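Have a look at this one with the sheets and the cores in mind. The notes below go strand by strand first, then inward, then out to the surface.

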Amino acid sequence: MRKIKARTKWFVPFIAILLILAGCQSVGGLDVNKVLLGDLDVKSSESSMTLSLNAVPAAGISAEDKEIVDLINSFSLDVSNMKVQDNGNISAKGTVGYKQLKLPFTFFMDKEALVFTVEGAKQPFYYPIQNAEDMVGIEGLDPAKTEAFSKQLTQFVVKNLLNPSVISVSSVNEAVYGQTMNLTKLHTEVTGDELPALLKGFLKSISTDSEGFTQLISGLYDYLYPVIQAEEVDLGELLGLGAGQIPLDDKEAVVTVLHDAAKLAIDSVLLVYDKQLDNLYESTPELKTVLSKDTKLQVDIFVDSGFHVRKQNIDLLVALPASEDLPLQSISFKAESQVWNIGGPVTADVISTDGALNVSALQLTPGETLRNFEVGSDAHRLMKEEFGITKKSIEIAPDDDYYYPLVEGNTTYVPLRYLAEDLDATVEWDAVNHAINVTEDVYGDKLVFKIGSSVATINGTPVKLDQPVFVDEYGDAYVPLRLLAEALHATVEKDMDGWIYIERK
């Protein structure tokens with residue numbers, strides 16, 4: 001479990017580093033390094049967070065595009081309480097906003113599984129943690145070394161980043177979870193046109209920080225050695241120096257080679273940095289809008305006397321170039337968070353996996369998905385009406401080499417199984433009655449077609465066919481396309497060229 005915990009603790013400081021861009025050890029008397037490293041050492045806490053988006057449409061936007069913009073602007077995330085327990089367990093509860101809906105959810109993660117619920121669901125859903133690790137395929141990482149390397153990387157990046165043009169520190173009184181506290185406020189602003197110079201300065205600083213760079217690579221070696229050893233990676237071959245040229249267990253040699261190779265790469269980038277940036281602007285002129293003064297990041301971080309972040313406000317506005325494909329002037333992201341009960345007794349709220357649905361082992365059809373939610377619930381309506389998970393479109397050409405449609409008189413026949421399964425229905429062979437049983441996915445309608453019979457049944461009602469169900473030379477049973485599609489709640493249209501269009505809403 002500590003492996004999961006280490007990954008979780010790593011995320012917040014890493015984002016904070018990139019957003020603060022505070023390169024010196026102290027800003028206005030505030031030791032930024034201590035703040036970031038102090039948060040890495042926190043084992044338990046409670047927090048809340050809100051997140052929202054705001055897209056500003058371009059002039060003359062179409063009604064269809066305006067609907068998309070309204071959808072973006074309706075999205076919100078409100079985590080009212082996240083608990084991080086000292087054993088690494090995490091829980092959260094909150095709401096997701098979409099249009100006029102507020103959909104409550106809960107979440108829990110321990111060393112066994114990630115479990116979540118949504119209001120309207122008939123049972124919780126879970127994803128086994130072990131399956132996720134198998135999927136990534138990385139084993140052998142020491143959780144203690146993960147935290148140590150996180151700290152080392154934090155120190156290295158903070159040391160070498162440059163300060164933006166606007167950065168200040170002040171003393172303020174702020175409310176955190178209903179309690180007024182005396183905090184130190186770090187305020188910083190970064191505009192898009194500053195970013196290229198800040199990145200270049202960061203690369204220059206790294207290139208000259210030979211000692212720090214070497215220590216970082218040494219820490220990376222300690223961290224990844226078990227993985228590299230397990231994967232039997234040949235570093236010499238990987239770096240183009242020839243197989244067996246760098247013994248993996250010779251740490252000094254490995255660190256030296258990697259340091260020199262990385263420094264050479266950085267120095268090579270710096271030699272052509274300005275020219276390549278000009279070329280990039282020339283080949284992608286719209287980038288000048290994104291990296292302009294109109295793109296702006298503002299971050300306020302509030303720190304207590306123990307160097308713990310108690311509040312954080314992030315406001316990012318990205319200016320966008322005029323485009324038919326993206327009819328927006330700008331899009332902004334706003335996040336606010338606060339933290340309390342730092343290091344205190346925190347117990348994550350467990351969600352049991354008893355009766356829960358293992359989503360890692362299933363490929364659910366639209367109907368199977370919807371049946372996991374109460375009919376009439378916001379979640380059910382959201383998936384069916386807003387997200388349209390039951391929608392399906394099929395096109396069949398007159399000479400289609402998959403369906404091989406056969407036309408007799410005014411009736412088009414297709415292989416039953418192909419079309420039924422493409423519309424998510426279940427198809428079963430009844431050997432006793434020489435019949436094919438079809439179960440519609442969303443509504444559960446029952447269809448029965450008997451080989452050689454000109455009568456089918458739909459939910460027990462007999463339906464006369466123009467000709468009996470027949471089997472072709474390949475063993476495929478053919479039935480009338482329109483009858484089958486409409487019985488599976490789809491509509492059928494045919495154009496003048498003989499193309500058939502099947503739509504299910």
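## Strands β12 and β13

Start at Gln312, whose bridge partner in β13 is Ser337. That pair belongs to an antiparallel match between β12 (residues 309-319) and β13 (residues 328-340), joined by nine bridges. Keep in mind that this is a predicted model.

Zoom out and both strands turn up in an open sheet of twelve, with mixed pairing. The order runs β9-β10-β11-β12-β13-β3-β4-β5-β6-β7-β8-β14. At the edges sit β9 (166-176) and β14, each of which pairs on one side only.

## The β14 end of the sheet

Over at the β14 end, β7 (residues 113-118) and β8 (residues 125-128) run antiparallel, paired over four bridges. Val115 has Tyr126 of β8 as its bridge partner. The hairpin these two strands make has six residues between the strands, and Gly120 takes a positive phi near 105° there.

What sense does the pairing of β8 with β14 take, parallel or antiparallel? Here it's parallel, over two bridges, with β14 covering residues 357-358. Tyr126 shows up again here, standing opposite Asn358 in β14.

## Two hairpins in a row: β20, β21 and β22

Further along the chain, β20 (residues 446-450) pairs with β21 (residues 455-458) in the antiparallel sense over three bridges. One of the matched pairs is Leu447 with Ile458 of β21. Four residues lie between the strands of this hairpin, and Gly452 has a positive phi near 85°.

β21 then goes on to pair with β22 (residues 461-464), again antiparallel, this time through four bridges. Val455 finds its bridge partner in Lys464 of β22. The β21-β22 hairpin has just two residues between its strands, and Asn459 in the turn has a positive phi of about 50°.

## The cores

β20 also takes you inside, as one of the elements that give two or more residues to the largest nonpolar core. This core has 29 residues, and those with the most contacts inside it are Leu416, Leu419, Val438, Phe449 and Ile502. The other elements giving two or more are β15 (392-396), α14 (416-422), β19 (435-439), β24 (477-480), α15 (481-487) and β26 (500-504). The top contributor is α15, with five residues.

Phe449 is worth clicking on. Leaving aside residues up to four places away in sequence, Phe449 touches Leu416, His434, Ala435, Ile436, Ala456, Val469, Val479, Leu483 and Leu484. Apart from this core lies another, of 20 residues, including Leu161, Phe213, Leu270 and Tyr281.

## Out on the surface

Back at the β20-β21 loop, you'll find Ile451. Why can Ile451 count towards a surface patch? Its relative accessible area is 31%, and patch residues need over 30%, so Ile451 makes the cut on exposure. Its partners in this nonpolar patch are Trp429 and Val471, and together the three have about 270 Å² of accessible area.

## The chain overall

Across the protein chain there are 15 helices and 26 strands. Buried residues account for 42% of the 505 residues. Of the contacts between residues at least 6 apart in sequence, 59% join residues at least 24 apart. The accessible surface adds up to about 27,000 Å², with 54% of it belonging to carbon and sulfur atoms.

How values were computed
Residues numbered from 1 in each chain as written. Predicted model: local features only at pLDDT ≥ 70, side-chain atom pairs only at ≥ 80, totals over all residues. Heavy atoms only, no water. Buried < 20%, exposed > 50% of the residue type's maximum accessible area, 1.4 Å probe, protein only. Contact = heavy atoms within 4.5 Å. Areas by Shrake-Rupley, 256 points an atom, 1.4 Å probe, with all protein chains shown as cover. Pairing = 2+ DSSP bridges. Core = buried A, V, L, I, M, F, W, Y, C linked by side-chain atoms within 4.5 Å. Patch = residues over 30% accessible without salt bridge, like charges linked within 9 Å, V, L, I, M, F, W, Y side chains within 5 Å. Salt bridge = Lys/Arg side-chain N within 4 Å of Asp/Glu carboxyl O.
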